[in-house]
Amino acid sequence: HVAQAFLFTGPRGVGKTSMARILAKALNCEKGPTITPCNKCKNCVEITRSNSVDVIEIDGASNTSVEDIRSLQNELLYPPQSSKYKIYIIDEVHMLSKNAFNALLKTLEEPPKNVKFIFATTEPHKVIATITSRCQRYDFHRIPIKEIIEQVKSITPKEHISFDDGAIFMVAKKADGSMRDALSLMDQIVSIGKDKITKEDVLQVFGIVNIDVYNSFVQKIINDDEKGLMKDFHQVIAEGNDINELTLGLIEYFRNILMIKIGIIPEEVHVDDIDALSSVCEHFSEEDLLYAITILIDTKDKLRTSSHPVLILETTMLKIANINRLINVDEMESQTITPHFVSGKKKETESTEKTVFTQSHTKKDEKKDKKAEKKEEKQEEQKELTKEILDQEWQVLRKKIRDEMPIISNHFSKAIVKNITNNFVHYSTNSRMGYNLVNEEIDKITRIFSEHFKMPVKVVVEFEEPKTGKKYLHGASYDEIKKKSPKLADMIKAIDGYIIEQKPDE
Ligand SMILES: [Zn+2]
């Protein structure tokens with residue numbers, strides 16, 4: 001028995017459509033259905049040439065209307081002309097409109113005889129479940145770099161052109177899991193007309209920034225040489241390198257360092273580069289690297305709409321260069337800054353409390369704070385935020401923060417409330433990265449709090465060295481959780497986890 005419908009999923013260029021044609025041949029070969037179509041009979045040859053009347057290829061991206069599907073339904077009434085099956089190959093099936101989907105579903109529910117569907121999609125999650133459940137599904141995967149290299153090598157001798165290993169590696173890497181792209185890239189590189197093609201040729205033709213550039217950037221960051229870093233950076237820009245490529249390259253570079261740091265050698269790393277990356281990774285903590293990757297991804301998004309892309313990437317590079325200073329909280333704590341915001345209002349009993357201010361706490365912020373302070377004094381008599389109110393409202397509040405800042409919200413949720421005095425909510429976190437990220441957006445969080453509680457609230461997050469036995473639970477210590485539910489506490493301990501949210505009655 002052959003299924004009525006098939007669903008081929010996977011990234012572009014991994015052979016979904018080619019496989020769909022092979023399947024069509026397997027079904028319609030004059031000697032079939034067979035798993036080894038002859039490739040010689042009339043049916044096979046026509047399918048290869050994409051001119052079989054019984055194998056209809058439809059591009060979901062350009063045939064999305066109900067009319068298209070209706071005409072398809074009408075056509076389905078006619079039997080195949082010269083083959084066993086009428087086969088519809090619908091590429092990018094997720095692009096069909098909802099109405100078109102429903103029309104298609106009707107067809108699938110009452111399948112006409114001798115009709116088969118082969119759906120292909122790069123985004124299976126967008127295909128509705130009622131369709132996927134009626135399909136036999138096959139997931140296609142990105143082809144590993146190693147396999148692309150082997151395949152490309154087996155083809156190149158025919159071209160009478162030699163490639164060095166580095167060149168083939170770069171092509172395979174740029175192909176990003178797609179054999180089709182790899183072959184097209186090879187064509188492009190061959191067209192430069194050289195007999196011997198080197199890694200440098202590939203880098204130049206495709207505008208790829210060499211890893212040496214990133215290595216040199218990072219050396220400057222490690223040596224705290226901001227001037228040198230900027231000089232290098234401007235040099236690379238002056239050479240005409242694309243700023244988006246450079247940003248993507250930096251993301252990949254830091255991602256590779258992070259992977260090596262946690263003991264994985266990514267396939268995208270050439271064997272010659274492992275040593276250099278390994279020596280770099282000693283200078284960064286995992287959180288430093290995650291922080292660098294996070295702000296680079298953020299930068300990548302900002303570049304899309306900015307008219308000052310160089311400035312944006314420049315700032316990000318300097319932020320990364322300052323990682324080591326950013327996390328030097330011990331030094332900051334020793335200065336024991338009393339927050340201006342609460343001066344004069346703070347109760348005597350809490351004077352021992354140390355508060356660390358954010359890096360971004362500039363004079364401008366102080367002005368803002370003064371304003372807020374005046375406002376607050378007006379309303380403070382009427383309302384005061386308490387731990388109970390905060391706990392009650394936390395789920396709603398958390399959602400508001402998550403809607404605006406998904407990543408930040410995740411980190412913020414791990415912080416615990418130290419105390420609340422005069423609408424001054426004091427959080428602490430054991431995560432340096434969480435501390436850095438949350439503090440970057442502390443003004444936004446403060447605004448969300450103030451808007452939510454309809455009164456001026458100030459939020460401050462402090463970094464605290466992790467202590468054993470203390471877990472990241474919102475508003476409750478490990479011991480408190482243990483009292484309520486020993487089982488849950490055990491689980492948290494076992495996986496070194498934390499509670500993100502608590503649903504009622506659970
Ligand atoms: Zn055949």
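**Figure 1. Zinc site of the predicted model.** Cys41 and Cys44 are both buried. In this predicted model, these two residues belong to the set that coordinates the zinc ion: Cys29, Cys38, Cys41 and Cys44, each through its SG atom. The coordination distances are 2.3 to 2.4 Å. Angles subtended by the 4 donor atoms around the zinc ion run from 102 to 120°, and the arrangement is therefore tetrahedral. To count as tetrahedral, four donors must have all their angles between 85 and 135 degrees. For comparison, the ideal angle for four tetrahedral donors is 109.5 degrees. Along the sequence, the donor residues follow the spacing C-x8-C-x2-C-x2-C.

**Figure 2. The open sheet of 5 strands.** The strand order is β2-β3-β4-β1-β5, and the pairing is parallel. Strands β2 (55–59) and β5 (136–139) are at the edges; each has a single partner strand, so one side of each has no neighbour in the sheet. From one strand to the next, the twist averages 15°.

**Figure 3. Strand β3 and its two pairings in the sheet.** Strand β3 covers residues 86–91 and runs parallel to β2, with 5 bridges joining the two. Two residue pairs can be picked out between these strands: Ile56 stands opposite Tyr88 in β3, and Glu57 has Ile89 in β3 as its bridge partner. The pairing of β3 with β4 is also in the parallel sense, over 5 bridges. There, Ile90 stands opposite Phe119 in β4. Of the 6 residues of β3, 5 are buried, so the strand is largely enclosed by the rest of the structure. In a regular strand, side chains alternate between the two faces of the sheet.

**Figure 4. Helices α3 and α4 against the sheet of 5 strands.** Helix α3 is formed by residues 66–76 and lies across β2, β3 and β4 (115–121). The direction of α3 makes an angle of about 165° with β3. Helix α4, residues 98–109, lies across β1 (5–9), β3 and β4. Its angle to β4 is about 140°.

**Figure 5. The open sheet of 3 strands, with helix α21.** This sheet has the order β8-β9-β10, and its pairing is mixed. Strands β8 (416–421) and β10 (458–463) are the edge strands, each pairing on one side only. The twist averages 20° from one strand to the next. Strand β9, residues 424–429, pairs with β10 in the parallel sense, and this pairing extends over 6 bridges. Within it, Tyr427 stands opposite Val461 in β10. Helix α21 (residues 432–440) packs on the sheet, where it touches β9 and β10. The directions of α21 and β10 make an angle of about 155°.

**Figure 6. Two loop residues with positive phi, Asp224 and Asn422.** Neither residue is glycine. Asp224 has phi near 60° and is found in the loop that connects α10 (211–222) with α11 (226–238). Its relative accessibility is 48%, and therefore Asp224 counts as partly exposed. Asn422 has phi near 50° and sits in the loop between β8 and β9, two strands of the sheet in Figure 5. The relative accessibility of Asn422 is 11%, so this residue counts as buried. The cut-off for buried is under 20% relative accessible area, and that for exposed is over 50%.

**Figure 7. The protein chain as a whole, for orientation.** The chain contains 24 helices and 10 strands. Of its 506 residues, 46% are buried. Among contacts in the chain with a separation of 6 or more, 72% are between residues 24 or more positions apart. The accessible surface comes to about 27400 Å², and carbon and sulfur atoms account for 51% of this surface.

Definitions and conventions. Residues are numbered from 1 along each chain as its sequence is written. This is a predicted model: local features need pLDDT of at least 70, side-chain atom pairs count only at pLDDT 80 or more; totals for chains, interfaces and linings use all residues. Side-chain values use heavy atoms; hydrogens and water are left out. Two strands pair if DSSP finds at least two bridges between them. Helices (H or I, at least four residues) and strands (E, at least two) are DSSP runs, numbered from the N terminus. Axes are lines fitted to C-alpha atoms, for helices over the stretch in contact, and angles run from 0 to 180 degrees between N-to-C directions. Contact means heavy atoms within 4.5 Å. Buried means under 20% relative accessible area, exposed over 50%, partly exposed in between (1.4 Å probe, protein chains only). Accessible areas come from the Shrake-Rupley method with a 1.4 Å probe; for residues, only the protein chains shown count as cover. Donors are N, O and S atoms within 2.8 Å of the metal (3.2 Å for Na, K and Ca); water is not among the atoms, so sites may look incomplete. Four donors count as tetrahedral if all angles lie between 85 and 135 degrees; four count as square planar and six as octahedral if opposite donors are over 155 degrees apart and all others between 65 and 115; anything else is irregular.
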